[in-house]
Amino acid sequence: MADHRPGTGHTSGPGRAITAGGMSVEMPVWRAISLFRILALGYAVIRYFHSYLHYLHPVSGWIYLGALTLWTLASTRAFADPNRCTRYVLATDLAATVTGVVMSGVIDTPARIHAGALTLPTIWAAGTVLGFAGKGGWRAAAFAGSVIGVANFAGHGGLTGDNVHNIVLLLVAGCAVGYVMELARASEAVLVRALQVEAATRERERLSRDIHDGVLQVLALVQRQEGDLGDLSRLAGEQERALRTLMTGAPLPRQSSDAEADLRALLAPYADDRVTLAAPATPVRLPGRVAGELAAAVGAAVDNVHRHAGEQASAWILVEDEPEAVTVSIRDDGPGFPAGRLGEAERSGRLGVAQSIRGRLLDLGGTAELYSVPGEGVEVELRVPREGE
């Protein structure tokens, strides 16, 4: 039995990527924030270049923008990945923004400040708020926006209409992005959990099929009283080891799925004086795992013939090798069963058809159809698409 245990997804607190076998949904947002900071820096430098001669201390402004450029480039990778964007990075970024806002009130002229001149960092300050939003959600964004707002009011122009307008926009944008990030993380955590539950369910169904088939094999041998005690002891021992492995959680032996197998050879043991096998003259090649699972499903169908169709019933296995799929039909001339019988069997805990046949074909991406009319036998059609179809 193969070991396909579901891996654990990574769910974490705010600002840490949640992965489920792929890139977190918030990673594109972080990359956009990193790109925005670079573009905003270019805008700030261009704006200052066109107006630096009007400042009281233009050299100080160039020194600040030089330091801001170095910091932006040094922190670009950090702002592109939530795991690298630590609290220390965000604190430094916030300090750089506040420093630039306060410096703007010192190196610029009172007339320009009163007329609504922009601060040195201009829209670069929004990148700081967005970083806080990505890391800690809307509350962190509100905190960063409030600190920048206080710096604006205290160090650059006071409580003016322009300042209030700009800070309100900054808070709204930051809180909105933070709220969306929180929703994205919550949705991704739910998705990861759902994938884990689905993987665990599929693994449980697969294990139940393997054990179900093995136990049926032993019971069928006892019922038919075929083979010697050595065969019965060997089969019983195999099932005991499989059950103990399942209960202890130890790694289960893997089945090779790389090498191709001839489906005819795997179906040949099911042919006997009551079961006729009709297959193409040329090999019917399928990946090893696919061929093994399909053969096991056929074995479950044949076992149902032996158990339910009666001692005089015969069965026929027909293998059709088509370019797009392989189809195996199993038909018997037994009494058949009435409509609704399969549903009743599944509800009562007898999962031979539901798990050993339909479950296997579902895992392979194929289909399993059962047709029966009382008095006219049963026909099972198993169809597996070839790789790429």
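What follows walks through two nonpolar cores, a buried histidine, the annotated membrane spans and a set of paired strands.

The model is a predicted one, so local features were kept at pLDDT of at least 70 and side-chain atom pairs at pLDDT 80 or more, while totals for chains, interfaces and linings use all residues. Numbering starts from 1 along each chain as its sequence is written, and side-chain values use heavy atoms, with hydrogens and water left out.

The largest nonpolar core (buried Ala, Val, Leu, Ile, Met, Phe, Trp, Tyr and Cys residues joined through side-chain atoms within 4.5 Å) has 34 residues, and those with the most contacts inside it are Leu263, Leu294, Val328, Ile330 and Leu382. At least two residues each come from α9 (263-267), α10 (288-308), β4 (315-321), β5 (325-332), α12 (352-363), β6 (367-372) and β7 (378-385). Helices (H or I, at least four residues) and strands (E, at least two) are DSSP runs, numbered from the N terminus. The largest share, 10 residues, belongs to α10. Apart from this core lies another, of 21 residues, including Cys85, Val89, Leu94 and Phe132.

Back in the 34-residue core, Val328 is in contact (heavy atoms within 4.5 Å) with Leu263, Leu294 and Leu382, among others, leaving aside neighbours within four places in sequence.

β7 shows a neat split. Val378, Val380, Leu382 and Val384 point to one face and are buried, while Glu379, Glu381, Arg383 and Pro385 point to the other and are not. Buried here means under 20% relative accessible area, exposed over 50%, and partly exposed in between (1.4 Å probe, protein chains only). In a regular strand the side chains alternate between the two faces of the sheet.

β7 also runs antiparallel to β5, with seven bridges joining them, and Ile330 stands opposite Val380. Strands pair if DSSP finds at least two bridges between them. Six bridges join β6 to β7, again antiparallel, with Thr367 opposite Arg383. Their hairpin has five residues between the strands, and Gly375 there takes a positive phi near 90 degrees.

On the membrane side, an unreviewed UniProt entry lists residues 29-49, 55-76, 88-107, 113-133, 140-159 and 165-184 as "transmembrane region"; such annotations may be inferred rather than shown by experiment. Residues 29-49 are 100% helix and 0% strand, with end C-alpha atoms 30 Å apart. Residues 140-159 are 80% helix and 0% strand, and the ends are 23 Å apart. His156 lies in the loop between α6 (124-155) and α7 (161-224). His156 counts as buried because its relative accessibility is 4%. Its contacts beyond four places in sequence include Val101, Ser104, Ile113 and Asn163.
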